[in-house]
Amino acid sequence: MDAIQQELLAQVAGLHEVPEGAYNIRANGEMAGRNTTANIDIITKEDRSGIDIRIKPGTKAESVHIPVVLSQSGLKESVYNDFFVGEDCDVTIIAGCGIHNGGAAASEHSGIHRFFVEKNAKVRYVEKHYGSGDGSGERIMNPTTEIHLAQGASLEMETVQIKGIDSTSRVTRAQVAEEASLVIKEKIMTHGKQHAETDFTVNMAGAGSSVDLISRSVAKDDSSQLFRSRIVGNASCHGHSECDAIIMDQASVSAIPELTANHIDANLIHEAAIGKIAGEQLIKLMTLGLTEKEAEEQIVRGFLK
Amino acid sequence: MLELKNISFQAEDEGKEIEILKNIDLKIEDQFVAVTGPNGSGKSTLAKIVAGILTPTEGQILLDGVDITDKSITERARLGIGFAFQQPVRFKGITVKDMLSIAAGRDTDISEICNMLSEVGLCARDYVNREINASLSGGELKRIEIAMIMARKSKVSIFDEPEAGIDLWSFQNLIRVFEKMHREVQGTILIISHQERILNIADQIVLLSDGRIEKVGSRDEIMPALMGVGQPCKTLADKL
């Protein structure tokens, strides 16, 4: 891998060297490295681009890294990755995609990730998106995440897009069975003329299921964001979604929440707050010696931490 | 030394100009100074003018002989003016450690945070990674606010009604903190307060009324008049 690709890898997966455990690194549409373990197998799909990640039941304290980096301007790819997580697992999956575009043509990555998490398994899934390069070509990222949680399973997803992605449409669909829980924490910052859309649909199908969707975003310059969430309660369940956005400059942010309760014991809540940085927060930090710009940066950094 | 020369401040209220402060002249030495007076007398306005949050309509502010009237909030903070808000400001994602590090002007480690928080009666272990948000009580926020001011080691530390919105238990602790500050802190401590126990710590008391200085003097000179010593209360006076 070249220096640009290594930098992307460090940004999206925190990798400065070959990771421990299972991994599959994809660079410019091709496999750049892979390792499997006794409990985690990675198999190349034969019918289309992508991999199957199979994690044996009972696997604990193991991780899988599957970062993707694109540095070839104009490259467009769709990748289908399926995760099969066995019963009683407790694993961490680090994904993420970095695009460096130094040319005039648009570069685009569409990652379609499906998770089949079996009974009582626990997954932490981290996905970071990052763009760099001074080319005029757009950097486009369209991740789709499909989650199936079996009885008692849990998945915590942390998704971060802080810099450099011109356009993104992020679609997440989830089915949550009895006593299963899903937590999604999303952080997005857009600037320039960037546009980001987030679309969550979570169907709580089993008694005692729960979902917590937390989105924090900052829209700067002329960028725009759309947050859409649909939570459907079909059983005795608890659903909460929260969209908290800071708007700056000439940016725009829309939040469209939708809650549907099809069961009398479905307890669903949505909270949304969009606003500029509070003047008193800026003043407080300025009384501690920061300039207005430094105070603004500190507030944004904390908000997205 | 902080010097206010002929400070006036006007604000607009429903289309009418209202004079909040009128020709304030005041010299404040490196002492514990309390500014008191009825609601609406201009105490908080005065404090905010010193910190640069409000700009006076007229007058000059000097810090150690240097005119700081046109200096921004940031410049004044860097010159050594600290300001603790009446209602501490809350943040999402910014922790106690972050704020104390900003206040100290450098990254701080756990032992430094422990020292700073213990000064205000808090245990670092319980607070260092807590966000400065609504999960903290009014009393906790007030003490963290004070710890920030102490971390800055300011020449002039201003506290705007530190007793506001806290319970009796927190107030007792607050008094202890200010008594300790009075003993140990170098420089000027300027407190806006209505509380007798805080006024009783002060070396000097400034009594404001209707935007003007009514009296300035030592605690012994001002407190008896404030507490009505030697005079009957109004109900009794009316009946006499």
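Q: In this predicted model, are the residues of S6(B) buried or exposed?
A: Side chains in a regular strand alternate between the two faces of the sheet. In S6(B), B:Ile81 and B:Phe83 lie on one side, with B:Gly82 and B:Ala84 on the other. Both faces are covered, and the state of all four residues is buried.

Q: Which residue of S7(B) stands opposite B:Phe83?
A: S6(B) and S7(B) pair over four bridges. The sense of that pairing is parallel. Opposite B:Phe83 in S7(B) stands B:Ile158.

Q: Which strands are the edges of the open sheet in chain B?
A: This sheet has six strands, in the order S6-S7-S8-S3-S9-S10, and its pairing is mixed. An edge strand here pairs on one side only. The two that do so are S6 (81-84) and S10 (212-218) of chain B.

Q: What is the average twist from one strand to the next in the open sheet of chain B?
A: The open sheet of chain B follows the order S6-S7-S8-S3-S9-S10. From one strand to the next, the twist averages 15°.

Q: Which residue of S8(B) is opposite B:Ser157?
A: Strand S7 (residues 156-160) and strand S8 (residues 188-192) of chain B run parallel. Five bridges join them. Across from B:Ser157, in S8(B), is B:Ile189.

Q: At about what angle does H1(B) run to S7(B)?
A: Helix H1 (residues 43-51) of chain B lies across the strands S3 (32-36), S6, S7, S8 and S9 (204-209) of that chain. Its angle to S7(B) is about 145°.

Q: What angle does the direction of H6(B) make with that of S6(B)?
A: H6(B) packs on the sheet. There it touches S6 and S7 of chain B. With the direction of S6(B), its own direction makes an angle of about 175°.

Q: How are H3(B) and H6(B) oriented where their axes cross?
A: Two packed helices are described by the angle and the distance between their axes. The axes of H3 (residues 96-104) and H6 (residues 138-152) of chain B come within 7 Å and cross at roughly 30°. Angles under 35 degrees count as roughly parallel. That angle therefore makes the pair H3(B) and H6(B) roughly parallel.

Q: How many nonpolar residues are in the contact of H3(B) with H6(B)?
A: The crossing of these two helices, H3(B) and H6(B), is right-handed. From H3(B) come B:Val96, B:Met99, B:Leu100, B:Ala103 and B:Ala104; they meet B:Ile144, B:Ala147, B:Met148, B:Ala151 and B:Arg152 in H6(B). One residue of this contact is charged and no residue is polar, so the class count for nonpolar is nine.

Q: Which element gives the largest share of the side of chain B that touches chain A?
A: The contact takes 20 residues from chain B and 16 residues from chain A. On the chain B side, H2 (73-79), S6, H3 and H6 each supply at least two residues. By class, that side has twelve nonpolar, four polar and four charged residues. The largest share, four residues, comes from H2(B).

Q: What is the distance between the C-alpha atoms of B:His182 and B:Phe32?
A: B:His182 sits in helix H7 (residues 168-184) of chain B. Leaving aside neighbours within four places in sequence, B:His182 is in contact with B:Phe32 and B:Ile201. B:His182 and B:Phe32 are 150 residues apart along the chain, yet their C-alpha atoms are separated by 6.4 Å.

Q: Why does B:His182 count as partly exposed?
A: A residue is buried with 20 or more other C-beta atoms within 10 Å and exposed with 12 or fewer. B:His182 has 15, so its class is partly exposed.

Q: Which residue of S4(A) is the bridge partner of A:Asp41?
A: In chain A, five bridges join S3 (residues 40-44) to S4 (residues 50-55), and the two run antiparallel. A hairpin of five residues links S3(A) to S4(A). The partner of A:Asp41 in S4(A) is A:Arg54.

Q: Which residue of S7(A) stands opposite A:Asp52?
A: S4(A) also pairs with S7(A), in the parallel sense, over six bridges. Opposite A:Asp52 in S7(A) is A:Asp82.

Q: What is the phi of A:Asp88?
A: Most residues other than glycine have a negative phi. A:Asp88 lies in the loop between S7 (76-85) and S8 (90-94) of chain A. Its phi is positive, near 60°.

Conventions:
Residues numbered from 1 in each chain as written. Chains lettered and ligands numbered in written order. Predicted model: local features only at pLDDT ≥ 70, side-chain atom pairs only at ≥ 80, totals over all residues. Axes fitted to C-alpha atoms, helices over the stretch in contact; angles between N-to-C directions. Parallel < 35°, antiparallel > 145°, perpendicular 65-115°, else oblique. Left-handed = near helix turned anticlockwise from the far one by under 90°. Contact = placed C-beta atoms within 7 Å. Pairing = 2+ DSSP bridges.
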